[in-house]
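The following exercises concern the secondary structure elements of one protein model. Please attempt each task before reading its solution.

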Amino acid sequence: MELDTGAPCSIIAEETLRLIKPLYTLQPSDRQFSSYTGHRVTCVGRLKVQVTIGMRTRSEQLYVVSGVSDSLLGREWISHFADQINLNELFSAQTPIHSIESTLTPDREKQLARILDSFSSVFSDSPGKLVGPPAKVHLKQNASPVFAKARDVPHALRERYAEEIEKKIRSGFYEKVDYSEWASPTHVVVKKNGKLRITGNYKPTVNPLMIVDEHPILRIEDIFNRMKGATLFCHLDVTDAYTHLPIDEQFRQVLTLNTTTHGLIRPTRAVYGAANIPAIWQRRMEEVLRGLTNVVSFFDDIIVFAKDFDELLQIQQLPIKAEQIARETRKDQHLGKILKDLEMGRDLQQTGYKAPEAKYTTVANCLLFEHRVVIPDIFRSAILQDLHVAHIGVVKMKSLATSYVYWPGIDKDIEQLAKSCHECAQTASASPKFNKHHWEYPSNAWERVHIDYAGPVADAMLLIIVDAYSKWVEVKVTHSTTTEATIKILDDIFASYGAPVTVVTDNGPQFTSEDFSNFLQRSGVKFHKRSAPYHPATNGQAERYVQTVKRALKAMHSTSATLQANLNKFLLQYRKVPHSETGEPPAKLFLGRNIRSRIDLVCPQSVQSRTAEKQRCDLRPSYRTFVPGQLVYCLSGNPRKGKWIRGTVVTRLGDLHYTVECDGIHIKRHVDQIRPALDDNKPVNQRSVSGSPQPPEVHHRRHYYGSTQPQQVPDVAPRTVPVSSESSDSACSSSSSTTSESPYGTPIGSPTPIRDTPFSVRRSTRQRTFTLLT
């Protein structure tokens, strides 16, 4: 039982009693109980029990209550066994008390000292000022002003009392007045450090006439629950907390103080003692600290908690601004010297500095290396965390850093951070496979989009849409993958960006349905291309982004509650980083501008980023070809048949797809699913060993890449020119590696004729002919 001097008698819960004594008879009781919070506790009866404490045994009344409750030993039993209860033994710890001591290593103490020095304006002895509207007072109707006389102050404290008031007046926290309708006496409190705290005794004057503001205050149970799992705690005591809170003119008049040394003084900030100040302060502090998950505010105390010291220093750091960088640059011993030399107009190279420091410039008291801001040592760890927040990998972290920040060895620091990240290591994928399949690069944004589903992720599915031109990614969270749900999402996206020319999907049922084809046709989509069965690499654009998105969300420990927020973080950073293929951020190619994020705050002004020129795809097709009528083996895809079945090539659908006739059935197969077969009816010396017989003349399709527009020339009869296969290969490059029959009757992969357009010639060993239009 729990010894409780606040309980008038001893009580036990009905369920607990039943476990101790299954058979018992209760006598009626008219006693009523309530908890310390005011909740009623129902008493169902009482019974006589034998109680033994120490060397004494007595018959006592035990009251039984319903519900779940602690068993309490109340004052009735305590009075009967007072001499038998050894309080020293009762409250002595059976196990050693775990004390919290400061055991910081010298390096950690140095880190902490640098942070305190960096934010010296925050960690100071003088109060600051909360940004926002001043606090207001709400008086009851017909409230009349109350004027009270000054209260005497002991002579031993009077001199310090006058000095404290004079100090507040010089700081602007009080102002002297000659008259006032309101006046309240002062109350002096001697703090633990020996300093005086002068408050107002508003209990008999202002508080009864005030409509008190209400705001929920955290209970100790709530605070402990939020700190669950933490092992390191940091307690911040706000200096003269309420003094940070400005008040309006009416509130100042109401809070006027009558002092024995200075007469009437009127506060310009909130004062201890006013009944509505605690609720106003708690509300404002929660607004200031909103979003900081490991921080708890309890009036003028702030508790920061973490699992270890490194996490404690990096808890939801506020964005680093250019003003802070400028201040720390001047404090830095090395960078500050460079800054002074530049301000004095000295040439850094002639002064003795070597590259890259010799190329530093200054803008708004910040050092720049080319267009990148030079970060002082104290902020480098925080900047690295900002670069790594979405776990986007070493390459993209370096690309993002190249656009904004610099310090010597930044690339090595980024690599070290990524290699030491446990989440990145757990979710890292294998090295990418070499893929020779290619698509023709679109001429405009949103011309061709790739679509695929990913998931489940945190009990939800993700519809991923990738623009092939800009690499812009759209990810929509959905709990249904039906055709109706897919059409609804795409309809919203098409309403924002318009309908693309080509949509590429896999062969999922939602993409092969008639309703989906009708929707694309109504929306204005010209071509719907689907990958070949059992060959998802055709839709590789979407497939790669599926893995990228899933890996990033897993690294951020996404749950159903945080899925959308983590997804937004990923998309914001991914769209901003230059893409490895285009050399430009997806946002810039898609929107015509780059998007802003918190990393932009490090720039002292609008620094124009220098991005690399978009890389052109060097397409060198090296795939096999087959001709109509050729005997081949193709992948059956049917477990009841053999793996390979014999057939005849009927027609070529594109660069990599063919229609093959097998046992009277026409099937579509990718070139990777076909291998040549030998004709049993031909002599051995006449069989083709290359697997690709060459007819006398094959008219290949011609595809042209680039932005050159076709020129209008008079129609001239085509002439056949025999050329070596080198120029044939060059002129007959593929326009698309994936082909499916268009649902609208448009031939897939039809070339656009371009007359009198120069093209490059590559060399080969095979002889081909092609038709040249002149």
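**Exercise 1: A five-stranded sheet**

Strand 21 (residues 460-467) and strand 22 run antiparallel and are joined by 6 bridges. The model is predicted, so that local features need pLDDT of at least 70 and side-chain atom pairs count only at pLDDT 80 or more, while totals for chains, interfaces and linings use all residues. Residues are numbered from 1 along each chain as its sequence is written, and side-chain values use heavy atoms, with hydrogens and water left out.

Task. Determine which residue is the bridge partner of I465 in strand 22, and in what order the strands form the open sheet.

Solution.
1. Strands (E, at least two residues) and helices (H or I, at least four) are DSSP runs numbered from the N terminus; two strands pair if DSSP finds at least two bridges between them.
2. The bridge partner of I465 is E474 in strand 22.
3. The open sheet holds 5 strands in the order 22-21-20-23-24, with mixed pairing.
4. Its edge strands, each pairing on one side only, are strand 22 (473-478) and strand 24 (527-530).

**Exercise 2: A three-stranded sheet**

Task. State which strands are the edge strands of the sheet with the order 11-15-14.

Solution.
1. This open sheet has 3 strands, and the pairing is antiparallel.
2. Strand 11 (232-237) and strand 14 (295-298) are the edge strands, as each pairs on one side only.
3. Strand 14 pairs with strand 15 (residues 301-306) in the antiparallel sense over 4 bridges.
4. Within strand 15, I303 stands opposite V296.

**Exercise 3: Two helices in contact**

Task. Identify which residues of helix 14 meet helix 15.

Solution.
1. Contact means heavy atoms within 4.5 Å.
2. From helix 14, V394, M397, K398 and A401 meet I410, D411, I414, E415, L417 and A418 of helix 15.
3. The residues of this contact comprise 7 nonpolar, no polar and 3 charged. Here Ala, Val, Leu, Ile, Met, Phe, Trp, Tyr, Cys and Pro count as nonpolar, Asp, Glu, Lys and Arg as charged, and the others, Gly among them, as polar.

**Exercise 4: Surroundings of helix 11**

Task. Find which residues of helix 11 are buried, and what covers them.

Solution.
1. Buried means under 20% relative accessible area, with a 1.4 Å probe and protein chains only.
2. In helix 11 (residues 333-343), the buried residues are L335, G336, I338, L339, D341 and L342.
3. Their cover includes helix 10 (322-331), helix 12 (348-351) and strand 16 (360-363).
4. After helix 11 comes G345, with a positive phi near 80°.

Key
Buried < 20%, exposed > 50% of the residue type's maximum accessible area, 1.4 Å probe, protein only.
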